[in-house]
Amino acid sequence: MEKEKTYCHHCGTSIDKGSHYCPVCGANQDPNVNKERKPFEFSKEDTQNSLSVSSLVFSLVGLLLFYIPFAPIGLGIAGIALAKRNESSYSKAGKTIGIVSIVLGGIALFAWAFYIIYLAVKMANPC
Ligand SMILES: [Zn+2]
């Protein structure tokens, strides 16, 4: 009597039912292992990783644009908001740089305000 066949969950090759490993790709056919390795969980992890990396990038760009008012504040807030979604080391770095960006943005904003006041005063009182 012919052996019962099933398909490899990884590569789709027809394999003997009850095989522990796929002879073609070597994937573990144990249903308990498959349960732990749901593709959904992988994509969720990937999303969290890309979120924390983008928080880092947002915060760093904000830091680099510190001389432009509002840009570092907006980017810093975006970085912190993204970093809040998980607790990886990237997120912690993103959060810290985001705070520094906002502080520098605040300083830049004050500097611009003083510069505009200075120009306005100069225009009002030409020597
Ligand atoms: Zn396979």
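These legends walk through several close-up views of a predicted model.

**View 1. The whole protein is a chain of strands followed by helices.** Let us begin with the overall layout of this predicted model. The secondary structure comprises four helices and two strands, and reading along the sequence gives the pattern β-β-α-α-α-α. Of the 127 residues in the protein, 21% are buried. Among contacts with a separation of 6 or more, 48% join residues 24 or more positions apart.

**View 2. Helix H3 runs from residue 71 to residue 83.** Its 13 residues reach 18 Å from the first C-alpha to the last, close to the 18 Å expected at 1.5 Å a residue. Look here for the buried residues of H3: Pro 72, Ile 73, Leu 75, Gly 76, Ala 78, Gly 79, Ile 80, Leu 82 and Ala 83.

**View 3. The largest nonpolar core brings together seven residues.** You can pick out Leu 51, Phe 58, Leu 75, Ala 78, Ile 80, Leu 82 and Ala 83 as its members. Helix H2 (39-64) and H3 each supply at least two residues of this core, and H3 gives the most, with five residues. Which residues does Phe 58 touch, not counting those up to four places away in sequence? They are Leu 75, Ala 78, Gly 79 and Leu 82.

**View 4. Helix H4 covers residues 89-124.** With 36 residues at 1.5 Å a residue, H4 should span 52 Å, and its end C-alpha atoms are indeed 52 Å apart. Several residues of H4 are buried, among them Tyr 90, Ser 91, Lys 95, Ile 97 and Ile 102. Glycines also appear in the buried set of H4, including Gly 94, Gly 98 and Gly 105.

**View 5. H3 and H4 pack with their axes 8 Å apart.** How are these two helices oriented to each other, roughly parallel or roughly antiparallel? The angle between H3 and H4 is about 160 degrees; angles over 145 degrees count as roughly antiparallel, and therefore H3 and H4 are described that way. H3 passes H4 in a left-handed crossing. On the H3 side, the contact includes Pro 72, Ile 73, Leu 75, Gly 76 and Ile 77. On the H4 side, the residues making the contact include Ser 91, Gly 94, Lys 95, Ile 97 and Gly 98.

**View 6. Asp 16 sits in strand S2.** Is Asp 16 buried or exposed? Asp 16 has 11 C-beta neighbours inside 10 Å, so this residue counts as exposed. Leaving aside neighbours within four places in sequence, Asp 16 is in contact with Lys 3 and Lys 5. Asp 16 and Lys 3 are 13 residues apart in sequence, with 6.5 Å between their C-alpha atoms.

**View 7. Asn 28 and Gln 29 belong to the loop between S2 and H1.** In this loop, which follows strand S2 (14-16) and leads to helix H1 (31-36), Asn 28 has 14 C-beta neighbours inside 10 Å and so counts as partly exposed. Gln 29 is also partly exposed, with 19 other C-beta atoms within 10 Å. Asn 28 is 19 residues from His 9 in sequence and 8.9 Å from that residue in space, C-alpha to C-alpha. For Gln 29 and Tyr 7, the separation is 22 residues in sequence and 9.4 Å in space, C-alpha to C-alpha. Setting aside neighbours within four places in sequence, Gln 29 is in contact with Cys 8, His 9, Ser 19, His 20, Tyr 21 and Cys 22.

Methods:
Residues numbered from 1 in each chain as written. Predicted model: local features only at pLDDT ≥ 70, side-chain atom pairs only at ≥ 80, totals over all residues. Expected span 1.5 Å × (residues − 1). Buried ≥ 20, exposed ≤ 12 C-beta atoms within 10 Å, placed from the backbone. Core = buried A, V, L, I, M, F, W, Y, C linked by C-beta atoms within 7 Å. Contact = placed C-beta atoms within 7 Å. Axes fitted to C-alpha atoms, helices over the stretch in contact; angles between N-to-C directions. Parallel < 35°, antiparallel > 145°, perpendicular 65-115°, else oblique. Left-handed = near helix turned anticlockwise from the far one by under 90°.
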